[in-house]
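Grab a coffee and your favourite viewer, and let's work through some exercises together. Each one sets a task, then walks through a solution.

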Amino acid sequence: MTGKRTLPTGAHFMSGDIACAEGAIAAGCRFFGGYPITPATEIAEHLSERMPEFGGIYIQMEDEIASIAAVLGASYTGLKAMTATSGPGFSLMQENIGLAVMTETPCVIVDIMRGGPSTGQPTLPGQQDVMQAKWGSHGDYGIIALSPSSVQEMFNLTIEAFNLSETYRVPTLLMGDEIVAHMWEKVVIPPASETRIVNRKKPNVSPSEYAPFMPEDDLVPPMACFGEGYHFHATGLTHDERGYPRTQDSEVQTRLVRRLCEKISKNADKIIKVEDVMLKDADVVVVAYGIVARAALSAVRKAREAGIKAGLLRLITLWPFPERHVARIAKKAKAIVVPEMNCGQVVHEVERAAKKIPVAFLSKLGEDPHTPQEILDVIERCV
Amino acid sequence: MVQEMAHPFEKYLRSAMMPHIWCPGCGNGIVLNCFIHALDELQKDLDKLVVVSGIGCIGRTAGYTNADSFHTTHGRAIAFATGVKLANPELEVTIISGDGDLFAIGGNHFIHAARRNIGLKVICANNFNYGMTGGQQGPTTPLETSTTTTPYGNIEHPFNLVHLAAASGATYVARWTTLHVRRLTQSIKRMLQKDGFCFLEVVSPCPEIFGRRNKMRTGLDMMEWFRRASVVENFSDPSRAEITPERIVVGEFVNIEKTSYERLLYEKIAQINEKAMGW
């Protein structure tokens, strides 16, 4: 396919939603199915213009349930596929996120978080969907969720989300927020040759030998696609390695569900990314993610200026939860501060991992995220 | 010496998944049989066939067909298939599902896929109730019939599926009963040779779950109803084709030419890139 007009290498000025859309194209995404919703709409708008230039498909579906279903269908033909939404649409997608987990369908779901519950605050930021990202669909499963803190990361982590999704055959969630989505910042586009792109493993056996859900050592099965002559079946029912329904067999159910969880948990160290800022000698560590981490960084710097040994652990990966990193800082630090734009979600994971040291929670709802001063005040109280 | 012979249609079936789950007297086997006959008569390339189903008894058809197949969540077969067809228009994407799956929980996807004219071939086995869950009322349950959730008789008006499909923009709309196997097979063949969104309703017996509550205890009783009530009226007004105990209008209702969504889409992509894509 011709006419590719990739963004020139170098610095650009763009919004987070546009950076996400460009990141998808750079990652090789060639199918977008979505439904308009604030504050994610600009991702769809931008891709409706850009996808055809790459021979890719843009379609506005009739709702978010259809959007995620179409994304799964496209992924099973071999295309990298994505949808983008916000809280209400994310809720509608949950059942088919479970189908993607069960059928091990690589796909990326962008959730630009706004204030909830229900219709909530369409134009304001939130971090209220973090637990939903892990637990939103029924049943037990592992999933990957990433949290961008900048427009640059909306670009970078969209690519990373596709790479992880293709590697582990799991839906991967990019959990942005209204500010990183609508904010305009500098984005540096690297040369295509320096961008790491991962594609799903293909089977190297004949169709008669192919079992679509037979895992390899990394617990991930190679994936054939529709139209390649493998004649395979996939179902949301509990299935054996051939993909055949085995709904009455407790052994098959145990083996399948444990693997769906363990292919993420046992690869967690390879998946998880965090950013350490001034942690070596830190007495007080702020654990933050998304746009809130920007204010937290500022607060930590101000604390250092005031002579307080503060540090920041920025969570880039939210799920699987970076508990080893929290446990690591908890060995040295005297207190942890967790600011979040919700009533307390990640803080519970931090408390679980930190075990003995005190964890101060700073909740913010309904407007702008925490100011650096608000976080600094809590840091000072912890010393 | 007796030689074991392979069934002539064995290559179309995933025999390792047999026996099937369907009850004696069920029409689903007839639907699958006619589908396979149509594939065979057209010598369809099974490598390019994708069968998608939703939830319900007929939803197991995808698994029984020896092609690439996908068994979606309840109601989402058409939405999933839309992604398949647009991502790879060379694939023949057929949806075989039930009346509850396609027209209750999945109704929105049906009307929009028909409106867009996505080149999907939808076969609906209409058995008038939710068979798999034990016989509850659904969107096609006839007035006054008894189901496990309408013990005093159904007061909801059923959908007239062929009217709905025609009004939503389908390029091909037909209805047959499982009694009309030759014409049913012929209709599937026509669908498989057309470009846009095609819909076939197969009125199908469910004696074990629906029939026995409505004075049709066996498959034969239900087929007898189809024989008695069926009237072939090709290209009649689908708005006048409601199914009643006295009258089941069958035939082809719509067969028009309209450029499919995916053809328009790929033409547009080619124009944007100023070069033909040649699929």
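## Exercise 1: a strand in the middle of chain B

Strand 1 of chain B and strand 3 (residues 92-98) of chain B run parallel and are joined by four bridges. Keep in mind throughout that this is a predicted model.

**Task.** Which strands pair with strand 1 (residues 49-53) of chain B, and are its residues buried or exposed?

**Solution.**
- Step 1: start from the partner just named, strand 3 of chain B. Here B:Val50 sits opposite B:Val93.
- Step 2: look for another partner. Strand 2 of chain B is also parallel to strand 1 of chain B, again with four bridges. In this pair B:Val51 faces B:Ser69.
- Step 3: sort the side chains by direction. B:Leu49, B:Val51 and B:Ser53 point one way, while B:Val50 and B:Val52 point the other way. That fits the general pattern: in a regular strand, side chains alternate between the two faces of the sheet.
- Step 4: check burial. Five of the five residues in strand 1 of chain B are buried.

## Exercise 2: across the chain boundary

**Task.** How many residues does each chain put into the contact between chain A and chain B, and where do strands pair across it?

**Solution.**
- Step 1: count. Chain A gives 40 residues and chain B gives 40 residues.
- Step 2: find the elements on the chain A side. Strand 2 (29-34), strand 3 (57-60), helix 3 (64-75), helix 4 (87-102) and strand 10 (233-235) of chain A each bring at least two residues. Helix 3 of chain A has the largest share, with eight residues.
- Step 3: split that side by class. You get 23 nonpolar, 13 polar and four charged residues.
- Step 4: look for bridges. Strand 10 of chain A runs parallel to strand 2 (residues 68-71) of chain B, with three bridges between them. A:His233 has B:Ser69 as its bridge partner. You've met B:Ser69 already, opposite B:Val51.

## Exercise 3: the open sheet of chain A

**Task.** What is the strand order in the five-stranded open sheet of chain A, and why do strands 11 and 16 of chain A each have a side without a neighbour?

**Solution.**
- Step 1: read off the order, 11-13-12-15-16, with mixed pairing.
- Step 2: look at the ends. Strand 11 (274-277) and strand 16 (359-363) of chain A are at the edges and have a single partner strand each, so one side of each lacks a neighbour in the sheet. From one strand to the next, the twist averages 20 degrees.
- Step 3: zoom in on one pair. Strand 15 (residues 335-340) and strand 16 of chain A are parallel, with five bridges. One of the matches is A:Ile336 with A:Val359.
- Step 4: add the helix. Helix 10 (residues 292-305) of chain A lies across strands 11, 12, 13 and 15 of chain A, at about 165 degrees to strand 13 of chain A.

## Exercise 4: two domains and a core

**Task.** Where are the domains of chain A, and which residues have the most contacts inside the largest nonpolar core?

**Solution.**
- Step 1: take the bounds. The domain assignment gives domain 1 (10-194) and domain 2 (273-382) of chain A. Their centres, over C-alpha atoms, are 26 Å apart.
- Step 2: count the contact. Domain 1 of chain A contributes 22 residues and domain 2 of chain A contributes 21 residues. On the domain 1 side, helix 5 of chain A has the largest share, four residues. By class, that side has twelve nonpolar, eight polar and two charged residues.
- Step 3: turn to the core. It has 204 residues, and A:Val286, A:Ala296, A:Leu318 and A:Ile336 have the most contacts inside it. Helix 6 (residues 151-168) of chain A gives the most, nine residues. Each of the two domains of chain A supplies at least three residues.
- Step 4: inspect one of these. Beyond its sequence neighbours within four places, A:Val286 touches residues including A:Ala296, A:Leu312, A:Val337 and A:Ile375.

## Exercise 5: an exposed alanine

**Task.** Why does A:Ala192 count as exposed?

**Solution.**
- Step 1: place the residue. A:Ala192 is in the loop between strand 9 (184-189) and strand 10 of chain A.
- Step 2: apply the cut-off. Exposed means 12 or fewer other C-beta atoms within 10 Å. A:Ala192 has 11, so it is exposed.
- Step 3: check a distant-in-sequence residue. A:Ala27 is 165 residues away along the chain, with 9.6 Å between the two C-alpha atoms.

How values were computed
Residues numbered from 1 in each chain as written. Chains lettered and ligands numbered in written order. Predicted model: local features only at pLDDT ≥ 70, side-chain atom pairs only at ≥ 80, totals over all residues. Pairing = 2+ DSSP bridges. Axes fitted to C-alpha atoms, helices over the stretch in contact; angles between N-to-C directions. Contact = placed C-beta atoms within 7 Å. Domains from an automatic or database assignment. Nonpolar A, V, L, I, M, F, W, Y, C, P; charged D, E, K, R; others polar. Core = buried A, V, L, I, M, F, W, Y, C linked by C-beta atoms within 7 Å. Buried ≥ 20, exposed ≤ 12 C-beta atoms within 10 Å, placed from the backbone.
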